[in-house]
Amino acid sequence: MKMLIGSSVAILLVACLGAAQTSQELHSRYGDSDTERFKIRDGIGLTVQYGSDGSACQMEIKPQTLIVQRPQHKLMAPEVVDGIIEEFVPPGTRGRKVNSLLEQMSCARAVVDYYENVTIHRATDACLPSKPNCDTSVIIEFNRQACPDTGLHATGPDAVLYKRGRRAWKESRFGDARVIFQTLVNTYPTSEYARLAKMGLKNLQDH
């Protein structure tokens, strides 16, 4: 009986290993991927989402954590982040700067810079200004016709906040959505989007 059980486990293990798919096999079956991940610095990862034209639409830069590890609160050095941003979107490629937005709730601070061709959203831990590492993430979104509208390119700051809050909600990032909606209500209390944000906060009470 034990031998039969051991044989069954061995067969199951072989079957599972045999079912593993290589990158080449997946590309052959499903075509090119619209999302890729890279290691661009020691401990820093890059996730790229592509548009219908095959070029990058969104780049997310954040500390890299192995899949087998538990989530850790890792941070990036500002000077390293500066270099990465310059590497991907040099000033000459961004176009004219049209707006800038500062958001802060407790220790979480975000600066969003809007250019004609790109939007740069940079998040930091404001409670660690004297620490060598205080950047938590950077999102670079390109403003091209082939890229989906995520709401970050809108120039109205109240509209931007609401769309970003809705996006966070849809992605089940309820804590981020709550912070964004509350920032909108506090900063633009007379906006039509503030009314919608209040409804969003009410619905988030269960999360």
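Two strands pair if DSSP finds at least two bridges between them. The exercises below apply this and other terms to a predicted model.

**Exercise 1. Find the bridge partner of Ile44 in β3 and describe how β2 and β3 pair.**

Step 1. Locate the strands. Strand β2 covers residues 44-50. Strand β3 covers residues 56-63.

Step 2. Look across from Ile44. Its bridge partner in β3 is Pro63.

Step 3. Count the bridges and read the direction. β2 and β3 are joined by seven bridges and pair in the antiparallel sense.

Step 4. Inspect the turn. The hairpin of β2 and β3 has five residues between the strands, and Gly54 takes a positive phi near 85°.

**Exercise 2. Name the other strand that bridges to β3, and state how far β3 is covered.**

Step 1. Move to strand β7, residues 135-142. Four bridges join β7 to β3, and the two run antiparallel.

Step 2. Pick one bridge. Glu60 has Ile139 as its bridge partner in β7.

Step 3. Check the cover. Six of the eight residues of β3 are buried, so this strand is mostly covered.

Step 4. Set a helix beside it. Helix α2, residues 23-30, also has eight residues, but its count of buried residues is zero. Just after α2, Gly31 takes a positive phi of about 90°.

**Exercise 3. Describe the aromatic pair of Tyr162 and Tyr193, and classify each residue as buried or partly exposed.**

Step 1. Start with the search. Three aromatic pairs are found in the whole structure.

Step 2. Take the geometry of this one. The centres of Tyr162 and Tyr193 are 5.7 Å apart, with 40° between the planes. Planes under 30 degrees apart count as stacked and over 60 as edge-to-face, so the pair of Tyr162 and Tyr193 is tilted.

Step 3. Place the partners. Tyr162 belongs to helix α5, residues 157-170. Tyr193 belongs to helix α7, residues 192-203. The two are 31 residues apart, and the pair links distant parts of the chain.

Step 4. Apply the burial cut-off. Buried means under 20% relative accessible area. Tyr162 has 16%, so it is buried. Tyr193 has 28%, so it counts as partly exposed.

Step 5. Widen the view. Tyr162, Trp169, Phe181 and Tyr193 form one aromatic cluster.

Step 6. Visit another ring. The charged end of Arg94 sits over the ring of Tyr115, 5.5 Å from the ring centre.

**Exercise 4. Trace the surroundings of Leu161 and Leu101.**

Step 1. Begin in helix α5, which holds Leu161. With a relative accessible area of 1%, Leu161 is buried.

Step 2. List what Leu161 touches, leaving out residues up to four places away in sequence. The contacts are Leu101, Glu103, Ile180, Thr183, Leu184 and Tyr188. Leu184 is 23 residues from Leu161 along the chain, yet their C-alpha atoms are separated by 6.2 Å.

Step 3. Follow the contact to Leu101. This residue lies in strand β4, residues 97-105. It is buried too, at 8% relative accessibility.

Step 4. List the contacts of Leu101, with neighbours within four places again set aside. They are Ala110, Val111, Val112, Tyr114, Pro157, Leu161 and Tyr188. Val112 is eleven residues away in sequence, and its C-alpha atom is 5.0 Å from that of Leu101.

Step 5. Compare with Val179 in helix α6, residues 174-187. At 31% relative accessibility, Val179 counts as partly exposed. Its C-alpha atom is 9.0 Å from that of Ala108, a residue 71 places apart along the chain.

**Exercise 5. Summarise the whole protein, and say where the coordinates call for caution.**

Step 1. Count the elements. The protein has seven helices and seven strands. Along the sequence the pattern is α-α-β-β-β-α-α-β-β-β-β-α-α-α.

Step 2. Take the totals. Of the 207 residues, 33% are buried. The accessible surface is about 13000 Å², and carbon and sulfur atoms hold 55% of it. Among contacts with a separation of 6 or more, 41% join residues 24 or more positions apart.

Step 3. Read the confidence. The average pLDDT is 80, and 81% of the residues score at least 70. Residues 1-5 have a pLDDT below 50, with zero contacts beyond near neighbours in sequence. Residues 12-17 likewise have a pLDDT below 50 and zero such contacts.

Step 4. Draw the conclusion. Where pLDDT is low, the predicted coordinates should not be read in detail.

Technical notes:
Residues are numbered from 1 along each chain as its sequence is written. This is a predicted model: local features need pLDDT of at least 70, side-chain atom pairs count only at pLDDT 80 or more; totals for chains, interfaces and linings use all residues. Side-chain values use heavy atoms; hydrogens and water are left out. Rings of Phe, Tyr and Trp (its six-membered ring) pair if their centres lie within 6.5 Å; planes under 30 degrees apart count as stacked, over 60 as edge-to-face and the rest as tilted. Buried means under 20% relative accessible area, exposed over 50%, partly exposed in between (1.4 Å probe, protein chains only). A charge sits over a ring if NZ of Lys or CZ of Arg is within 6 Å of the ring centre and within 35 degrees of the ring normal. pLDDT is the predictor's confidence in each residue, from 0 to 100. Contact means heavy atoms within 4.5 Å. Accessible areas come from the Shrake-Rupley method with a 1.4 Å probe; for residues, only the protein chains shown count as cover.
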